[in-house]
Amino acid sequence: ETMPKRARFRLMEVRGDQYTLSFPTTAVTGPWTRGTTNLEWVDAPKTVLVACKHTDQLSGLSNLIRRLSKLGLQVVVDPAVHQGLGPVAREQVALLSGEMLSEVDLCITLGGDGTILW
């Protein structure tokens, strides 16, 4: 059985006149002239996990779900969050499961400090 293909990305970190271009398994270094860090999608993300406490941020979450769905992204939420959503938003999301984790390309956290314990 093959693993689902996740969206690929690369990071470019620039320090002084050197840059490091990182892929999930490799890194390339060379000269550069700015000081920034950029994330660039090689493949468009398809599945987004949205994490928040089920009692917090529900109005913002419903708006985010609507926007992500309009972009053609599959939105995944925790079962406790799913219960707190209205009926329209509930129909636009998938429930998080162990099997679903291997398909998640991006995680967005609402509220808190963004820490996710896995």
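User: Okay, helices are DSSP runs of H or I with at least four residues, and strands are DSSP runs of E with at least two, both numbered from the N terminus. Which helix is His 82 found in?

Analyst: His 82 is found in helix α2, residues 79-84. Heads up: this is a predicted model, where local features need pLDDT of at least 70 and side-chain atom pairs count only at pLDDT 80 or more, while totals for chains, interfaces and linings use all residues. Residues are numbered from 1 along each chain as its sequence is written, and side-chain values use heavy atoms, with hydrogens and water left out.

User: Cool. Is His 82 buried or exposed?

Analyst: Buried, because its relative accessible area is 16%. The cut-offs are under 20% for buried, over 50% for exposed and partly exposed in between, using a 1.4 Å probe and protein chains only.

User: And what is His 82 in contact with?

Analyst: Skipping neighbours within four places in sequence, His 82 contacts Val 77, Arg 90, Val 93 and Leu 95. Contact here means heavy atoms within 4.5 Å.

User: Val 77 is on that list. What does Val 77 touch?

Analyst: Not counting residues up to four places away in sequence, Val 77 touches His 82, plus others including Leu 49, Val 50, Leu 85 and Ala 94. Val 77 is also among the residues with the most contacts inside the largest nonpolar core, which has 14 residues. A nonpolar core is a set of buried Ala, Val, Leu, Ile, Met, Phe, Trp, Tyr and Cys residues joined through side-chain atoms within 4.5 Å.

User: Which element gives the most to this core?

Analyst: That's α1, with four residues. At least two residues each come from β5, α1 (58-70) and β6. Another core, of five residues, lies apart from it, and Leu 49 and Met 100 are among its members.

User: Switching to the sheet. What order do the strands have?

Analyst: The order is β7-β6-β5-β8, an open sheet of four strands with parallel pairing. Two strands pair if DSSP finds at least two bridges between them. At the edges are β7 and β8 (106-109), each pairing on one side only.

User: How many bridges join β5 to β6?

Analyst: Three, between β5 (residues 47-51) and β6 (residues 74-77). One example is Thr 47, which stands opposite Gln 74 in β6. Leu 49 has Val 76 as its bridge partner in β6.

User: And the other side of β5?

Analyst: There, β5 and β8 pair over four bridges. Leu 49 stands opposite Cys 107 in β8, and Val 50 has Ile 108 as its bridge partner in that strand. Over at the β7 edge, three bridges join β6 to β7 (residues 93-95), with Val 75 opposite Val 93.

User: Why is β5 largely enclosed?

Analyst: Because four of the five residues of β5 are buried, the rest of the structure largely encloses this strand.

User: What does α1 touch on the sheet?

Analyst: α1 packs on the sheet and touches β5, β6, β7 and β8, and its direction makes about 175° with that of β5. For angles like this, axes are lines fitted to C-alpha atoms, for helices over the stretch in contact, and values run from 0 to 180 degrees between N-to-C directions.

User: Last one: how many disulfides are there?

Analyst: Zero, where a disulfide is a pair of cysteine sulfur atoms within 2.5 Å. As for individual cysteines, Cys 52 counts as buried because its relative accessibility is 15%, while Cys 107, at 30%, counts as partly exposed.
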